[in-house]
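Dear colleague,

I am passing on the structure we talked about, so that you can look through it at your own pace. My notes on what was found in it follow below.

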Amino acid sequence: MSENTAETAPQRPAGRTRTPKQDPVLTGAVDLAREAVLAPVTDASSVGEHLGVTVHEDRLLTHLFDCRLAGYPGWAWYATVARAPRSKHVTVCETGLMAGPDSLLAPDWVPWEERMQALQEQEAQDEHDSPAEGDEHSGDGQDSADAEHAGDGDTAPAEGTPTDGETSRTEDEYAASEDAEDGAAS
């Protein structure tokens with residue numbers, strides 16, 4: 001009897017890692033790359049000197065140009081170019097603007113829920129750290145002035161303010177008590 005076992009695929013020897021060659025036809029296409037970058041920009045002064053090339057694969061590389069736009073220090077224009085094997089015709093694949101190592105970048109994006117959570121945590125911490133309502137006087141000085149004059153005796157209570165022994169009553173309560181007194185007197 002033969003057993004059914006899973007056979008593993010034969011392992012390929014690790015391929016040689018080869019550095020892509022810098023294509024001389026693509027490297028010489030600096031003017032084509034500059035024109036491709038200028039097409040959407042339309043201002044020749046915003047595209048500076050040629051900074052060099054970055055080789056990606058055989059027959060595929062990127063030309064880099066200094067960016068002179070205000071507000072983009074450290075950025076570079078790029079134009080990626082390619083060509084087919086045995087062809088001298090260079091094709092522009094992509095153009096754009098990319099950040100360099102010294103570029104000023106916007107902060108990382110934080111989802112709304114995380115921003116709100118951080119805000120709520122900060123508000124809760126501020127509420128926890130703030131003094132309770134009678135612990136400190138507000139900075140307007142009114143509470144401390146009232147406290148200083150409370151024992152003077154020079155100030156008369158405001159009209160309608162109950163004095164010692166009186167309770168505060170509304171006009172309806174006064175009318176009801178007067179009606180009750182009138183009814184008891186008759």
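**What was found**

Residue E123 has its place in helix α3, which covers residues 112–129. Please keep in mind, as you read on, that this is a predicted model. With a relative accessibility of 46%, E123 counts as partly exposed, because that class lies between the limits of under 20% for buried and over 50% for exposed. Together with D126, E127 and D129, E123 forms a negative surface patch.

For the overall picture, the protein has five helices and four strands, and along the sequence these follow the pattern α-α-β-β-β-β-α-α-α. Of its 186 residues, 16% count as buried.

Strand β2, made of residues 60–67, is a good place to look next, since six of its eight residues are buried, so that this strand is largely enclosed by the rest of the structure. Strand β2 pairs in the antiparallel sense with strand β1 (residues 47–57) over seven bridges, and in this pairing E57 stands opposite L60 of β2. The two strands β1 and β2 form a hairpin with two residues between them, and R59, which lies in the turn, has a positive phi of about 60°. Strand β2 also pairs in the antiparallel sense with strand β3 (residues 76–82), again over seven bridges, and here D66 stands opposite A76 of β3.

With kind regards

Key:
Residues numbered from 1 in each chain as written. Predicted model: local features only at pLDDT ≥ 70, side-chain atom pairs only at ≥ 80, totals over all residues. Heavy atoms only, no water. Patch = residues over 30% accessible without salt bridge, like charges linked within 9 Å, V, L, I, M, F, W, Y side chains within 5 Å. Areas by Shrake-Rupley, 256 points an atom, 1.4 Å probe, with all protein chains shown as cover. Salt bridge = Lys/Arg side-chain N within 4 Å of Asp/Glu carboxyl O. Lys, Arg positive; Asp, Glu negative; His and termini not counted. Charge placed at Lys NZ, Arg CZ, Asp CG, Glu CD. Buried < 20%, exposed > 50% of the residue type's maximum accessible area, 1.4 Å probe, protein only. Pairing = 2+ DSSP bridges.
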